[in-house]
Amino acid sequence: MAKKTGSIIYKCSNCGYTQPKWLGRCPQCNSWNTMEECITDPNTITPSGRRTEKEIIAKPVPLTSIDVTSAGRFPTGIGEFDRVLGGGAMKRSVILLGGEPGIGKSTLLLQTAAYISAAGTGRVLYISGEESAAQIKARADRLKLHTGNIEILCTMRLEDILKALYDLTPAFTIVDSIQTVYSVEAGIVPETVNQLKYCTNELISWVKERDSVLIMSAHITKEGTIAGPKSLEHMVDTVISFERSENEVRFLRAQKNRFGSVDELGIFAMTEHGLEAVADPGSMFLTRRNGIQPSGVACAAVFEGSRVFLVEIQALTVPAKAAITRVYSDRIDSARVSRIAAVLEKRIGTRFSDQDLYINVAGGVRLSESAIDAALAAALYSARTEISVPVQTVLIGELSLAGEIRPVPRLYQRIKTAQSLGFTSILAPEESSGATAVANIKEMIRILFEKKPAVRAYK
């Protein structure tokens, strides 16, 4: 609890309106019960970072006079992290990293700090509001990280953080996590909406004036979104989500990136030496089997950013347990599954309207692009008829409502990747580099399943 050393005011947590007396309703935004007790601290560092009344006024400059070469990037030393960021962390940028507890956010940030410290790029300031300095040092020793130029500050007060920033002027600043930071200017209770917005804005104001990078970790809600106001994501330059699959593989994905693509996917494995990049991401989502492939399984070639992955889509159909059938799919949009099943029922005649559909993706990766339609259709048909898709077969293509297999972007790269991984049969919308062209769903089903005996999933 902050010590009440200054005068007391009441501030609306919704709009920021202040006044000397408490009111049940804010006069500015008309919100009820939002007036919170705040303390005006005479020793608090001002938003400009100085204890002075003099304001620094920003003035416009000609756009032609701007030197774009000064806006460089800081390589983090972690290839998968740099890939998601678009080639490294841009100077004067703010990055928000969100993920569930225990997924490895602090480990990733500490490894990043160590690599930048070892590279001699500049000072690194690691601000922790959740762990002690001894805990952080113990983790660094366990991971055998270089900590020569890393400064540790364990505090939750924004005023202490700003003072350290102005004293040290670090090239790289890490805040773990932003939800723990509070300021007496924004109230005496941490983690409120007003606190998050105020503290984030102050830190952004500092980093935008210097060739520095700020990374803030953030908590997430039960739904997997970053906790706090949505405006927090609008204030920063890059928003990155840290996810995990059932087999403990970690996925790093950008939800927003002002300086790069949001399509890249970083893949890590948690080891005793910390987070390590997966050596062979192209085939990590495939299941290696000996003998007959079970029914309900089909392989697709998908693009994630600039890389092609071969993924295994698994389907299971069972008679509906209720009057209304259901689709159980958390890795592929259930609306897409229902649409593909409807096209199969209309164009092929295979009935799915009395079946519950279960869809899974091996490895736990989420799929959203339309190029998986052909493989999803083959998996559903295979599960319904209990006829296996031929082994070493990859299916590529978008399925229209008319039953056509339509072209997809970057088909050549998908085919080359599948061939390099040993797949001998490739069905695609266009005939290219050894792939078999299929025009519609009927032709695809005929090539895959005609004159093949039914094979039970597991004997």
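**Sheet pairings, voids and a few odd backbone angles**

I'll start with one pair: Leu395 stands opposite Leu427 in strand 22. What I'm showing is a predicted model, in which local features need pLDDT of at least 70 and side-chain atom pairs count only at pLDDT 80 or more, while totals for chains, interfaces and linings use all residues. Residues are numbered from 1 along each chain as its sequence is written, and side-chain values use heavy atoms, with hydrogens and water left out.

That leucine pair belongs to strand 19 (residues 393-395) and strand 22 (residues 425-428), which run parallel to each other over 3 bridges. Strands here are DSSP E runs of at least two residues, and helices are H or I runs of at least four, both numbered from the N terminus. Two strands count as paired if DSSP finds at least two bridges between them.

Both strands sit in an open sheet of 7 strands, ordered 17-18-16-15-19-22-23, with mixed pairing. Which strands stand at the edges? They are strand 17 (327-329) and strand 23 (436-437); each has a single partner strand, so one side of each has no neighbour in the sheet.

For an antiparallel case, take strand 13 (residues 265-271) and strand 14 (residues 274-277), paired over 4 bridges. They make a hairpin with 2 residues between the strands. Ala269 is opposite Glu276 of strand 14.

Next, the voids. The search uses a 1 Å grid over the protein atoms alone: a cavity is a set of points where a 1.4 Å probe fits but cannot get out, a pocket is an open set with protein on both sides within 12 Å along at least five of seven lines, and lining residues have an atom within 4 Å of a point. Points are joined across faces, edges and corners, and the volume is the space filled by probe spheres set on them.

How many cavities of 30 Å³ or more are there? The count is 1. The largest cavity has a volume of about 40 Å³. Its lining consists of Arg73, Leu85, Gly88, Ala89, Met90, Ser93, Ile95, Thr238, Asn257 and Phe259. Strand 5 (89-90) and strand 6 (93-99) each supply at least two of the lining residues of this cavity. By class, the lining of the largest cavity has 5 nonpolar, 4 polar and 1 charged; Ala, Val, Leu, Ile, Met, Phe, Trp, Tyr, Cys and Pro are nonpolar, Asp, Glu, Lys and Arg are charged, and the others, Gly among them, are polar.

The largest pocket comes to about 370 Å³. It is lined by 18 residues, with Gly224, Ser241, Phe242, Glu243 and Arg366 nearest its centre. Strand 6 contributes to this lining too, and so do strand 11 (238-244) and strand 12 (249-257), each with at least two residues. Strand 11 gives the most, 4 residues. The lining of the largest pocket splits into 3 nonpolar, 7 polar and 8 charged.

Now two buried residues. Ser212 lies in the loop between helix 5 (193-207) and strand 10 (213-218). Is Ser212 buried or exposed? Its relative accessibility is 1%, so Ser212 counts as buried; the cut-offs are under 20% relative accessible area for buried, over 50% for exposed and partly exposed in between, with a 1.4 Å probe and protein chains only. Leaving out residues up to four places away in sequence, Ser212 touches Phe74, Lys91, Arg92, Ser93, Pro170, Ala171, Phe172, Thr173, Trp206 and Val207, contact meaning heavy atoms within 4.5 Å. The Ser212 side chain also reaches the backbone oxygen of Ala171 at 3.2 Å.

The second is Leu110, in helix 2 (residues 105-119), and buried at 2% relative accessibility. Leu110 and Ala140 are 30 residues apart along the chain, yet their C-alpha atoms are separated by 7.3 Å. With the same sequence exclusion, Leu110 touches Tyr126, Ile136, Arg139, Ala140 and Leu145.

Last, backbone angles. Most residues other than glycine have a negative phi, and most peptide bonds are trans. Asn33 has a positive phi of about 55° without being a glycine. Asn33 is in the loop between strand 2 (18-19) and strand 3 (35-40), exposed at 64% relative accessible area. Thr169 also has a positive phi, near 50°, and sits in the loop between helix 4 (158-168) and strand 9. Thr169 is partly exposed, at 44%. Where is the cis peptide bond? It joins Asp176 and Ser177, with omega about 0°. Ser177 lies in the loop between strand 9 (172-176) and helix 5.

Definitions and conventions
A polar contact is a pair of N or O atoms within 3.5 Å; within protein, one must be able to donate a hydrogen and the other to accept it, and residues adjacent in sequence count only if both atoms are side-chain atoms.
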